[in-house]
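Colleague: Hi! Could you walk me through this one before I start setting anything up?

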Number of protein chains: 6
Amino acid sequence: MVQTHDISRPSRTLVEGLAAIGSASASAEISRMGIRDSHICGPVSFTPGKCIAGPALTLQFMPLREDLYGTDEYADPEKQLHRHVLYHTQPGDIVVVDARGDMRSGVFGEMMLTYFMGRGGAGVVVDGCIRDGAAAKALGIGLWLRGTTPNFHTQTGIFPFAVNVPVACGNRLVMPGDIIVADDDGAVVVPAKLVAAVREKASVHHEWEEFSRLRLREGGDLRRYYPLSDEAYPEYETWKRSQGE
Amino acid sequence: MVQTHDISRPSRTLVEGLAAIGSASASAEISRMGIRDSHICGPVSFTPGKCIAGPALTLQFMPLREDLYGTDEYADPEKQLHRHVLYHTQPGDIVVVDARGDMRSGVFGEMMLTYFMGRGGAGVVVDGCIRDGAAAKALGIGLWLRGTTPNFHTQTGIFPFAVNVPVACGNRLVMPGDIIVADDDGAVVVPAKLVAAVREKASVHHEWEEFSRLRLREGGDLRRYYPLSDEAYPEYETWKRSQGE
Amino acid sequence: MVQTHDISRPSRTLVEGLAAIGSASASAEISRMGIRDSHICGPVSFTPGKCIAGPALTLQFMPLREDLYGTDEYADPEKQLHRHVLYHTQPGDIVVVDARGDMRSGVFGEMMLTYFMGRGGAGVVVDGCIRDGAAAKALGIGLWLRGTTPNFHTQTGIFPFAVNVPVACGNRLVMPGDIIVADDDGAVVVPAKLVAAVREKASVHHEWEEFSRLRLREGGDLRRYYPLSDEAYPEYETWKRSQGE
Amino acid sequence: MVQTHDISRPSRTLVEGLAAIGSASASAEISRMGIRDSHICGPVSFTPGKCIAGPALTLQFMPLREDLYGTDEYADPEKQLHRHVLYHTQPGDIVVVDARGDMRSGVFGEMMLTYFMGRGGAGVVVDGCIRDGAAAKALGIGLWLRGTTPNFHTQTGIFPFAVNVPVACGNRLVMPGDIIVADDDGAVVVPAKLVAAVREKASVHHEWEEFSRLRLREGGDLRRYYPLSDEAYPEYETWKRSQGE
Amino acid sequence: MVQTHDISRPSRTLVEGLAAIGSASASAEISRMGIRDSHICGPVSFTPGKCIAGPALTLQFMPLREDLYGTDEYADPEKQLHRHVLYHTQPGDIVVVDARGDMRSGVFGEMMLTYFMGRGGAGVVVDGCIRDGAAAKALGIGLWLRGTTPNFHTQTGIFPFAVNVPVACGNRLVMPGDIIVADDDGAVVVPAKLVAAVREKASVHHEWEEFSRLRLREGGDLRRYYPLSDEAYPEYETWKRSQGE
Amino acid sequence: MVQTHDISRPSRTLVEGLAAIGSASASAEISRMGIRDSHICGPVSFTPGKCIAGPALTLQFMPLREDLYGTDEYADPEKQLHRHVLYHTQPGDIVVVDARGDMRSGVFGEMMLTYFMGRGGAGVVVDGCIRDGAAAKALGIGLWLRGTTPNFHTQTGIFPFAVNVPVACGNRLVMPGDIIVADDDGAVVVPAKLVAAVREKASVHHEWEEFSRLRLREGGDLRRYYPLSDEAYPEYETWKRSQGE
């Protein structure tokens, strides 16, 4: 009988703060902490407007080898590892799949993703494809993918090999339990131990940004308003007071 | 004078059933019949929501050779083979184009596709690009493409070479008259002689799937509901009876 | 202190006519003038429906070299060349960026593009990515991109190197001040000195095209209606008179 | 029983002259006749020093489709089309294979190529791989390939589909009977009807080139010696006379 | 302290037989046993003429993550996993490295490979690069690589992550202890449990092949001599007897 | 008349020391100075055994635009910029060409390279191809290339645009006058101002390396001999004394 490990998860509150920060701020902060590139490059948003953060359940695919995997998908579903990663789903979880960039295998279909949604899953990041893309979009979870295909997950060149192990996804290393922040710009990996620090730093937002955005929209000078110059500071304070009224 | 062959078509009724089945089921059934991969990999849906099935008219492009093709597009339109494939259009037909994955040539423009639509054409699958993409989308036909380009069809590196011959499209072999099933997940080739079998097998849908989908959405256990377990069967029967009321 | 050159611009009236012509007609006319391929191949429309034309401000990125560029983005903003190209913005301008096809660097973010919009900029064409894609789309400017990324512009492998110099973008050479025509089909480069000629030629549209389009939609014969045949000419004239009523 | 067409061949004398000219001169001359690019781009020389010219026998592979090709290589050898193209071999012939750039299929092995050599074949140009590469090199024929693989020709994703039909090889269109000129720089397609013209033009070599080469080797000025300047002409004539002695 | 597992090895005699068979025969036999493709596609021979077989020690690289790996190569050599895989070397072993196809990292340099050679290692298969390529070639071991680079193993985008775990190399799954057969055509994976069967089947060579090769070289008919026809059998027997003299 | 700038060159003595150090040591030292990757990735050695170092003359190609470059190669040779970069050749110089990775254009042919050799040029690094490859190899200069082609330099998609300007070559930024170190492992860029430092650091070679190499060849323990351990130090000293005899 297949046994796979669960992951450890930080508090929901801590994680949810990252969704508010967004992928761009998260990537920049992590970069300043010494991790040059945390962007999972390849999978793109299939659910515009979705912005989520959550701990990573991981699924690793390997090149298909017929002596290690039979071809009949339905012979014994309980042997299929792409099911097992979903069994670990807790509310807010994100499944990260190293599908080797394959465009000819649909890692999950509608029924698998419906189960994942029913269990409270937040989204999936696949370095590859899913099938039943239209139905999957309608589920309300977030999807970051290379594409869709009508093929099922072991139909061509890959097969699921391990659950909740370190995986490479979009040329980034993702450890089980790392936090994923994903929105329209893409998905970012936040190492579990850096979550608190990233959240704290990224939340020190510049209060004057809203003011600067307004001025720039009206044709204001970039040098004066972004970043906010000393010359423009009194103007900003006046505006700020007027906002409070 | 250019002469090109027509294709033979199965009955419309037979073909239309395949559209209802969809590309994912078609691909899986064909796979079980021994054809590993029937997905035309490369062209993606430009008309989300469109789901069609129909016989393939084929058009083959070749690398441009100036001694075999002049450069003036409008000198003698009747010599242009991309027109000739459209002359064969019958209601429900799908044009499959081997454009060699070229991103710098727009195989068809608005006028060609308007004619195709007027003749009842169902859609086009191009391993390459079209131009006038916005107008083409508005026509109501289905489009599976690698992209769009402002360039016309013989402007850069390819030219139309043959009509209704075997072509490679998206790394699949398509014979003239094969049936294409295409929807949001992509386009699939069904060999003409397998159409009846695919339709029959794919229509043996599991009646319990609707029930299972409901339960999974509510957080039901994948092991219990998909595939439907013996334990859950009585529950399913109760639900089914309640539906009949 | 950084000094960069401005570009010279043709009259707004002249340029605006090109937007009405569209990228497909522009590409075809330029092709007939001897420039085989003017399509900036790679960046695709992220703002469907947008159709613009304007003079090119150019920004060249180079592979990052740490001895020539420090890593702290905010140390001295005035040294950042991606700001300087925007300082030149005049109403209707289009920024063309050679970002080397890089998918791991976001050339501009929301604040930069807000400033550009505030100054009347028409759009940007990036052979690479931007960040804050969702906010950028909402600004109302046109965007032609390879994609989006959460990373900032010098976070990974490239850095801004020169402003308003000749650049390669999407495998086309763009000279500062060339005119860009961009719509859903893609972006096209019109050499500054050919603008008047392209506009004149492309505006000689075939009056019968509207008529032909109508007939083709109704199932009319391509050979009769496109291009309009002598046989169909009387029918066209009758239709034309009926339109005038 | 499989029947395939033979090709028509120009006189051996005519063709052999092209080998002396070499691929670079042939490409340049054809370019001046209006065919921009005749280089079969992709296959590279595996037999350095070999320089050949000969008429093209062609073999087209297509994506494997299991309903059209069985998997047992040895069931009925006479059905294998890669054998049939070789049956047409006459002394000096060159086999051109569109193997779709595939790196996982070895189009020919040692025995096939031994037969080809025994029949007087001059060389093969494969847009893909062969197997038994070391033994093949030892045969003395010319080989232009993308690489080698241990796999046999129908083991993975392609199968031989047609013999002596037009093929695309290295993104060039090759008609059966076209002349191939191949050496260390690569392989070039000379349309059959241009052979005489190419040979004539390319043989008008500049007599002064040998002289110029000598001077350049000694550090002579490029402006003076290449192309030969009027100033250097007397020096060349003096040298020429001294050679005759 | 780093601890890594060793592999289990079949008897040397059994394995050595595979080297005599060669990669092409091994690949074909494994294919007939149901494993479609056993070719490690990507790494090519850098040591022409070398033909080896041996059990696989495996080394897995992952995308570099600065929080998990420091940048100073020489701080504590004993932490470097690319050393540890070599510590397991026994005579005849082959190191298989999943270097993710990276062209900017040299997985091993001269000193590491000298140690490997000194311990009796037979060769390395790297889906990526080594450095000190010229010195490595001179060591006498077999090398199958994508290329060489001056960069060291953790200089750019990857770092060694695990030893003697399942790895993907050249799009094939290699289990620690599988047998690699590698020669000029490339490297092939033989699952440990199939070694005896492959060796047995592949050694049933056709005695007539030498005879057929001779006849084909002399211009003999492929249909008569390959495979050997009934008509040619008496001729073969006569030849065979003459050989025995 | 075309005027192009010359470069400034460090002393020959300083530069020649770098050739002795080799590309691998140079890359590692530069990496430790903060420039992560100095490897010109793409061009590979076509002249095995050659190891050179010298200042970079640079040549930039751009995508061909017919309004900016005529098609007749021989109309006015003095307008051809690929000649002008060679006019600057001084003994030991290395020409670095950004040919945009193009495989269909031969940047230099035999005559150009003969002149370069005659002037004392040390080698060329081309992110693209040359033609007349066999003759070029015979000249004795070093060649680092992506490949060869029979096509001439402006035959297809690029043309020479600027001389001795900053260029991107193999995804590295090369400034005119930077020092190139190239050998069998590849080519490396050393910023002009770092040459002395790199040379100094890289020449602090470990005297024990020769000893360690010997021991490793004999099967010595990596942990004992590389890097040289304290335990092995006395053994090393004994060996060293014995060498002196």
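Modeller: Happy to; we can go through confidence, chain contacts, symmetry and some backbone details.

Colleague: Great. What kind of model is this, and how are residues and chains labelled?

Modeller: This is a predicted model, where local features need pLDDT of at least 70, side-chain atom pairs count only at pLDDT 80 or more, and totals for chains, interfaces and linings use all residues. Residues are numbered from 1 along each chain as its sequence is written, chains are lettered from A and ligands numbered from 1 in the order in which they are written, and side-chain values use heavy atoms, with hydrogens and water left out.

Colleague: What are the ipTM and pTM scores?

Modeller: The model has an ipTM of 0.95 and a pTM of 0.97. For chain A the mean pLDDT (the predictor's confidence in each residue, from 0 to 100) is 94, and 97% of the residues of chain A reach 70 or more.

Colleague: Nice. Now the interfaces: how many residues does each side bring to the contact of chain E and chain F?

Modeller: Chain E brings 29 residues and chain F brings 28 residues, where contact means heavy atoms within 4.5 Å. The area buried between the two is about 2,500 Å², with 55% of that from carbon and sulfur atoms. Buried area here is the accessible area (1.4 Å probe) that two parts lose on being put together, summed over both.

Colleague: Which residues of chain E lose the most area to chain F?

Modeller: Those are Met111(E), Tyr115(E) and Pro150(E), which together make up 27% of what the chain E side buries.

Colleague: And how many salt bridges cross between chain E and chain F?

Modeller: The rule finds three across that interface, a salt bridge being a side-chain nitrogen of Lys or Arg within 4 Å of a carboxyl oxygen of Asp or Glu. Glu110(E) and Arg213(F) form a salt bridge, at 2.7 Å from N to O. There are also 14 residue pairs in polar contact between chain E and chain F, both residues at pLDDT 80 or more. A polar contact is a pair of N or O atoms within 3.5 Å; within protein, one must be able to donate a hydrogen and the other to accept it, and residues adjacent in sequence count only if both atoms are side-chain atoms.

Colleague: Which elements of chain E give two or more residues to that side?

Modeller: They are α2 (81-87), α3 (110-118) and α4 (133-137) of chain E. Of the elements, α3(E) gives the most, with seven residues. Helices (H or I, at least four residues) and strands (E, at least two) are DSSP runs, numbered from the N terminus.

Colleague: Switching pairs, what does the contact of chain C and chain A look like?

Modeller: There, 29 residues of chain C touch 28 residues of chain A. The two chains bury about 2,400 Å² between them, 55% of it on carbon and sulfur atoms. Met111(C), Tyr115(C) and Pro150(C) supply 27% of the area that chain C buries against chain A, more than any other three residues. Three salt bridges are found across this interface. Arg104(C) pairs with Asp37(A) in a salt bridge, with the closest N and O atoms 2.6 Å apart.

Colleague: What relates chain C to chain A?

Modeller: A turn of 120° with a shift of 0.0 Å along the axis lays chain C on chain A with an RMSD of 0.0 Å. The two copies are therefore related as by a three-fold rotation axis. Copies are superposed by least squares on the C-alpha atoms of residues with pLDDT of at least 70 in both. Chain E also goes onto chain F with a turn of 120°, a shift of 0.0 Å along the axis and an RMSD of 0.0 Å.

Colleague: How many salt bridges are there over all chains?

Modeller: The whole structure has 108. Among other pairs, Asp178(B) and Arg65(D) form a salt bridge with their closest N and O atoms 2.6 Å apart. This pair crosses between chains, from the loop between β11 (172-174) and β12 (179-183) of chain B to the loop between β3 (52-63) and α2 (81-87) of chain D.

Colleague: How far apart are the closest C-alpha atoms of chain A and chain D?

Modeller: They lie 11 Å apart, and no contact joins chain A and chain D. No contact joins chain B and chain F either, with their closest C-alpha atoms 11 Å apart.

Colleague: Last topic, backbone oddities. Where is there a cis peptide bond in chain A?

Modeller: One joins Tyr226(A) and Pro227(A), with omega about -10°. Pro227(A) sits in the loop between α7 (222-225) and α8 (233-244) of chain A. In chain F, Tyr226(F) and Pro227(F) are joined by a cis peptide bond with omega about -5°.

Colleague: And what is the phi of Arg100(A)?

Modeller: Arg100(A) has a positive phi of about 60° although it is not a glycine. You'll find Arg100(A) in the loop between β4 (94-98) and α3 (110-118) of chain A. For context, most residues other than glycine have a negative phi, and most peptide bonds are trans.
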